Amino acid sequence: MWGALIPFIGTVIDKLFPDAQQAAEGKLKLLEMAQAGELKVLDAELQIAMGQAKVNEVEAASNDRFRGGWRPMAGWVCSVALLYTFLLQPLLAWAAAIQGWPVPPKIDMDTLMGLLTGMLGLGGFRTYERIKGKA
C-alpha cells in the first residue's frame, strides 16, 4: 500500500515545504515510516508462520487419530487412487470392452499428483538432488 502512496505524498511534501532541504528530510522520514511499517507486517507474518509450524509439529506427534491421522489418511487415499488409476481402471476398462459394459471412470491425476508431491516433498528433493549434482 505504501508503495503506491509514497510518490503522491512526496509531491504533497514538495508543495508544503518549498525549501529543498526540508522536503528531502520529510521524504526521508516518510520512507523510514513506510519501511518500519513493512517490517512490522513481515514480522507479524513470520510470527504467524512460526505459530503454525508449532501447531503442525504438535499435531504430527499426536497419537489422536482425529488430529494426527489426517496425513497418513491422505497418503492412503493417494496410494489407493494410484492403484486404481494405473492398475485397476485399465483392467476394468479392458474387461468392460470385452463384456460390453460401461467403462469405469478415470481419476483426475493432475490434482492427485499435486497433492501427492506436495505431501512427499518430491519437488524440493529433486531440486536438492540437482544442486548436489546427484541427478
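Let me start with the buried residues of helix α5, which are Met109, Leu112 and Leu116. If you look down the axis of α5, these buried residues fall within an arc of 65 degrees, so they line one face of the helix. The general background here is that an α-helix has 3.6 residues a turn, so residues three or four places apart point the same way. On the other side of α5 we find Asp110, Thr111 and Gly118, which are exposed. I should say at this point that what we are looking at is a predicted model, and that the values I quote are computed from it.

Staying with α5 for a moment, this helix covers residues 109-120, which makes 12 residues, and from its first C-alpha to its last it reaches 16 Å, close to the 16 Å expected at 1.5 Å a residue. At the start of the helix there is also a contact to point out, where a side-chain oxygen of Asp108 comes to within 3.4 Å of the backbone nitrogen of Asp110.

Let me step back to the whole chain. The protein has six helices and zero strands, so reading from the N terminus on, the elements simply run α-α-α-α-α-α. Of its 135 residues, 16% count as buried.

I would now like to move to helix α4, which spans residues 70-99 and holds Trp94. Is Trp94 buried or exposed? With a relative accessible area of 58%, Trp94 is exposed, because the cut-off for that word is over 50%. Trp94 also belongs to a nonpolar patch on the surface, which it forms with Leu83, Leu87, Leu88, Leu91, Leu92 and Ile98, and which has about 700 Å² of accessible area together.

Two other residues of α4 call for a different description, and I will take them one at a time. Gln89, which lies in helix α4, has 6% relative accessibility and therefore counts as buried, since the limit is under 20%. What does the side chain of Gln89 reach? Its partner is the backbone oxygen of Pro104, at 3.0 Å.

Thr85 is likewise found in helix α4, and with a relative accessible area of 15% Thr85 is buried. A polar atom of the Thr85 side chain lies 2.8 Å from the backbone oxygen of Ala81.

To bring the two helices together, then, α5 has its buried residues lining one face, while α4 carries both the exposed Trp94 and the buried Gln89.

Key
Residues are numbered from 1 along each chain as its sequence is written. This is a predicted model: local features need pLDDT of at least 70, side-chain atom pairs count only at pLDDT 80 or more; totals for chains, interfaces and linings use all residues. Side-chain values use heavy atoms; hydrogens and water are left out. Helices (H or I, at least four residues) and strands (E, at least two) are DSSP runs, numbered from the N terminus. The expected span of a helix is 1.5 Å times one less than its number of residues. Buried means under 20% relative accessible area, exposed over 50%, partly exposed in between (1.4 Å probe, protein chains only). The arc is that of the directions from the helix axis to the C-beta atoms. A polar contact is a pair of N or O atoms within 3.5 Å; within protein, one must be able to donate a hydrogen and the other to accept it, and residues adjacent in sequence count only if both atoms are side-chain atoms. Patches are made of residues with over 30% relative accessible area and no salt bridge: like charges are joined within 9 Å, nonpolar side chains (Val, Leu, Ile, Met, Phe, Trp, Tyr) within 5 Å. Accessible areas come from the Shrake-Rupley method with a 1.4 Å probe; for residues, only the protein chains shown count as cover. A salt bridge is a side-chain nitrogen of Lys or Arg within 4 Å of a carboxyl oxygen of Asp or Glu.
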